[in-house]
Amino acid sequence: MSGQTPSKSERAASRRIAVAFLVSAAGAVGFAVTYGLNGGTQWEGVCLAVAFAGLAVGLAVWSRRLVPVGGYVEEHEGFVPPPAEQAMTAAVFRAPESPTRRWGLLAALGFALTALGVAALFPLRSLLPWDRQRPTRSLKDTPWGPGIRLVDDQGRPLRPDDVPADTMVAVFPEGSIDVGDAPAFAVRLNPERFIRQPAGGHLGGLVVWSLLCTHAGCPVRLYLKGAGRVLCPCHQSSFDLLAGARPIAGPAARPLPGLPIEVGPDGFLRATGDFTAPPGAGFWSRP
Amino acid sequence: MIMGPLARALDDRLRLSPITRRALAKIFPDHWSFMLGEIALYSFIALILTGVYLTFFFDASSADRVYQGSYAPLDGATTSAAYASTVRLSWDVRAGLLIRQTHHWAALAFVAAIVLHLSRIYFTGAFRKPRELNWLIGVTMLALALANGFTGYSMPDDLLSGLGLRIITSVVESIPLVGTWLAALALGGEFPSDEMIPRIFITHVLLVPAILVALISLHLGILVRQKHSQFPGPGRTEHNVVGSRFWPGYTLRTLALFAWVLAVLFALGGLVQINPVWLYGPFAPAESSSPAQPDWYVAWGDGALRLFPPWEFRIGGYLVPAPFFPGVVLGGLSFVALYLWPFIERWCTRDRRPHQLLDRPRNHPVRVGIGVGALTFYVVLVVAAGDDILARLLRVPVYDLLALFRVLVLVLPIVTGVLAFLIARALCRGEAASLGELTRADLRRGARPAPRRPTGEDEPEVPVRHRPGERIELWPQGEVWRWRYRNEAGQLTLTNNRAVTSEEEAVETARLAYPGVDRVVVPGPPPPPARALRVALRRWGRATAAGSLLVAALLGRRRERRRRRDGEDEPPPPEQADAISGGGDPT
C-alpha cells in the first residue's frame, strides 16, 4: 500500500477508522469527566464501554479493510523428532558419568526427597491451631448445655410466653450468638397434632430444634405456618415438625436435632443439655 | 522491520530479530471459533486489572468494623471488615462499584469463554495427538477458574456468600475419613472461623492467579510450539497452517477482540447490577436468604445437590452423607472424565496418528452424541439450581418441579445425545451442508445402522494425492525468496508466511507444507497489485498478443507445411522454455 495512492475504498475505510478512534477518545474523556463530577456508575460504565467499543470498531475495520486477511500458509514440521537428534539426546543420559546410571544413589536420593516431602506436609497441620478442638469433637460439641439460657438475636433471654403460636423464633445459647453450629429455633405447636414426639421433648407444645438443615447446613428459615413444616431455602429440604422434624421432601435425610429445654427458676427458658444429635450436615464419624 | 534505535539496541544485545521475524509471521487460522480461547484470555486480563484495583479498598478480615458511609440502611451497623469494606467500595469509592461489577461480570465471562473454548476443542477433536498436553492444562485451568470464582464470591462475607461457603464446607465434610479434617484445616476450625476470610483472600488474589498465569503461559507456549490446528479445506494439509499472519492482520484483529471484550464487560459492569451485597446483608449463622442461587458456573453443583435423593448410608458405623455423591463424586467424576477423554477416545478409536487437521463435528457422531448428552446433563443441573424461582414463576409446587428434574436429568441427556448422534450421522452421510438443509431422506439414512466398513484405523497416513494444476511458485524478492501455493485454475493463492533466505530453503519449506505437490515453478513473480483499468488494459493486451501469436503460429504452420511440401528440411524453431523444472533447481 505504501508508495501508492490509496484507493477509494481504502480512503473510506481510513475515514471510518479515524472516526471510530475519535469516538473512543470521546468516550475516554467522557469517563474522566464523569469520574471527576462523580456522575455515577452507569455513566462511567457507558463511557468506558464507548471508549473500548470505538477502539474495537477502529481496529476491526483496520484489520478487515487495510491489511490482508487470510491467504497465507506456514509449513508444519510435525512432531516426529529427527532420529539422529533423538539418539544423541539419549546418549547424553546414557553416558558413563551420567547421574541417571547410578541406580543405588538415585534410590537413596529418592528416599531422601520423599522423606523431605512428607516432612514438609507436617506444618500444614498448623492450619488448624493446635489449641483448638479436633474437628470431630468440635462438630459434635455446641455451646448448648445444661442451664444455658435461650436468648433471641439481640441477646435477650426468652420466657415461654415470648414464643407466640405459629411463628418461629430464632434462639441462641446465651453468650454465643455468633457460633456457627448453635442457632436453634423455637415454635409453639399443638401437642395433640404430634404424630411423633419431638426428640428433645416439649414444654406444652413449645419445641426447640436446631436451625441448621441436616443436608448442607443452611438455616431452615422458611416456616409454613399451618402445615407445621420448615423449609430450607438452599436446596428445598422440608421437615415435618409435627412428626419429630422428620425430612419429608428434598435432599435431607435426617431429622433436625432437638434441644431439651425447661423453664428455669428465674422464669426464663434454658437448655437441659446439648442437641440430641450433632447439628447441621452429616460427616464421617457422626454418631 | 526493526525500527528505531531502541529496537536496534535490544536486537544488538539479545539477537531478537530472527525470533521476532518468525513470531510475527505465525499463522492464525481465520475461523471464528479459534477466538473463544482469546476471549477467556482477555477476560482474565480484565480480571487481573480490575482485581488489583479492588484489593486497594478491600479489607480481608472478619474483625468487627462499624460501617459509616452513604448507604443509609447500613450506616452505623457493625459488620465484619470484609463486608463493610465491600459496601464501602461499592457506595463510597468513586468508580469502585463499576470496577467491582466489571470484575464479577468478567469472572462469569471468563468461565463461559473457557467452557465454550473447551466445547470447540472437544467437538472438533483438537485434543488429539499431539495436543493432549494442552487439553490437560486447559481442564486444570477450568478447575482453577471455578475455584477462583467461588473464592471471590465468598470473600465479601455477605449472607449469600456465607451460605455458599457453608454448603461447600458441608460438602467437604461429607468426604469419608478425611472430610472433617480437610474442612477444619482449610477454615482453621469450625465454620464460620475468623481465619477463613484472610485465607480465601490470599488464595483468590495470589495462589490461584499465580498458578493460572503460569498455566496460561505454558498453554500459549505449547500452542506456539505445536502451531495451530485447522479445519480441512482447499490448500490445507496435515503439514501446514493456513490463515492470517500474526503481524499485521491478526494483531489488529485480536486487539479489536480485546477491546470488544473490555467494552462489553464495562457496559455490563456499569449498567447491569450484579451481586448487590448490601441488599443481602452481612453473614449471620442463623440467617438465610431466599431465593439463594450461586453464580452460574457453580450452579451445576448446586443443582445436583438439590436433585440427589436423600440417600445416605453407614459403613461400619460411619456415615456417608448424601451431599457426598452430588458434591464430591459428581464433581470428581466430571473432571476425571474431562482429563481422561483424549485417552479414552484414543483407546476406542486406536487412532495414534498426530492430527493437524480438525474433524468436522458431524464426522464423529459418537463424539457429538456423548458431548451433547454431557452438556445437556449439566444444563439440566444448572436449570435445576433455580427450581425454587421457576416454581414461583410458573406457580407450580417446587416438589413437582424437583420430581420432573430428577427424571429429566437422567432422561434428557440420553434423548439429546441420541438425537445429536443421529443428526450428525445424517449430516455425515447425506449431502446436506447444514442443519437447515437436512431432508427426511438424510435423516432416514442417518438412522440406519452403520455399514460394516473395513477397519482402516491402523492404516498409515495416505499421502496427499497430487491434484492436477496444483503448483508451487517460487520467486526472488530482492535478497530473499518467497513461495506460494496455487491450486488448479488459480482460484486459491496461499503465500508463504515469511521470506526465507535462499531458494533451497524456499523449496524445502514448500515441500514440507505441500508434500504431494511436485510441480514447482521458478520464478513465479506475483503480479503487482493492479487497478481495474490496468487489469482491463493488460487483459486486452494479452488477448491481442495471444491473437497475434495465434495468427503468427497459423501463418507459420502454413508456411512450414508449404515448405515441407516443397521438400525443404529445416529444423523446427527452438521450444520456448517454460522454466518448469521438477525439482526446482535453479535454471
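Here are a few worked exercises on a predicted model with chains A and B.

**Exercise 1. Into which domains are chains A and B divided, and how far apart do the domain centres lie?**

Start with chain A. Its assignment gives domain 1 (8–66) and domain 2 (140–287). Take the C-alpha centres of these two domains of chain A and you get 59 Å between them.

Now go to chain B, where the assignment lists domain 1 (30–278), domain 2 (379–447) and domain 3 (466–543). For domain 1 and domain 2 of chain B, the C-alpha centres are separated by 30 Å.

**Exercise 2. Work out the strand order of the open sheet in chain A, then find its edges.**

Step one is the order: four strands of chain A line up as β2-β3-β4-β5, with antiparallel pairing. Step two is the edges: β2 (150–151) and β5 (206–210) of chain A each pair on one side only.

Step three zooms in on one pair. Strand β4 (residues 184–188) of chain A is joined to β5(A) by five bridges, in the antiparallel sense. To fix the register, look at R188(A): its opposite number in β5(A) is L206(A).

As background, strands in a sheet pair through backbone hydrogen bonds, either parallel or antiparallel.

**Exercise 3. How many residues does each chain bring to the contact, and how much area is buried?**

Count residues first: chain B puts in 100 and chain A puts in 82. Then turn to area, since the size of an interface is often quoted as the accessible area lost when the parts come together. Here chain B and chain A bury about 7500 Å² between them, and carbon and sulfur atoms account for 62% of that.

Next, the polar side of the story. The interface of chain B and chain A has 37 residue pairs in polar contact, both residues at pLDDT 80 or more. On the side of chain B that touches chain A, helix α10 (residues 246–271) of chain B gives the most, with 15 residues. Sort that side of chain B by class and you find 51 nonpolar, 24 polar and 25 charged residues.

**Exercise 4. How many salt bridges cross between the chains, and where do the partners of R254(A)–E312(B) sit?**

Begin with the total: over all chains, the structure holds 23 salt bridges. The R254(A)–E312(B) pair crosses between chains: R254(A) is in the loop between β9 (246–249) and β10 (261–263) of chain A, while E312(B) is in the loop between α12 (296–307) and β5 (313–315) of chain B. Its closest N and O atoms are 2.5 Å apart; the cut-off for a salt bridge is 4 Å. Across the interface of chain B and chain A, the count is six salt bridges.

**Exercise 5. Which strands pair across the chains?**

Strand β1 (residues 72–75) of chain A and strand β9 (residues 493–496) of chain B run parallel, joined by two bridges. For the register, pick Y72(A): its bridge partner in β9(B) is T495(B).

**Exercise 6. Track down the backbone oddities.**

The yardstick: most residues other than glycine have a negative phi, and most peptide bonds are trans.

- K129(B) to P130(B) is a cis peptide bond, with omega near 5 degrees; P130(B) lies in the loop between α5 (96–123) and α6 (132–154) of chain B.
- F191(B) to P192(B) is cis, with omega near -10 degrees, and P192(B) is in the loop between α8 (179–187) and α9 (196–226) of chain B.
- Q236(A), not a glycine, has a positive phi of about 60 degrees; Q236(A) is in the loop between β7 (229–231) and β8 (238–240) of chain A.

Conventions: Residues are numbered from 1 along each chain as its sequence is written. Chains are lettered from A and ligands numbered from 1 in the order in which they are written. This is a predicted model: local features need pLDDT of at least 70, side-chain atom pairs count only at pLDDT 80 or more; totals for chains, interfaces and linings use all residues. Side-chain values use heavy atoms; hydrogens and water are left out. Domain bounds come from an automatic or database domain assignment. Two strands pair if DSSP finds at least two bridges between them. Contact means heavy atoms within 4.5 Å. Buried area is the accessible area (1.4 Å probe) that two parts lose on being put together, summed over both. A salt bridge is a side-chain nitrogen of Lys or Arg within 4 Å of a carboxyl oxygen of Asp or Glu. A polar contact is a pair of N or O atoms within 3.5 Å; within protein, one must be able to donate a hydrogen and the other to accept it, and residues adjacent in sequence count only if both atoms are side-chain atoms. Ala, Val, Leu, Ile, Met, Phe, Trp, Tyr, Cys and Pro count as nonpolar, Asp, Glu, Lys and Arg as charged, and the others, Gly among them, as polar.
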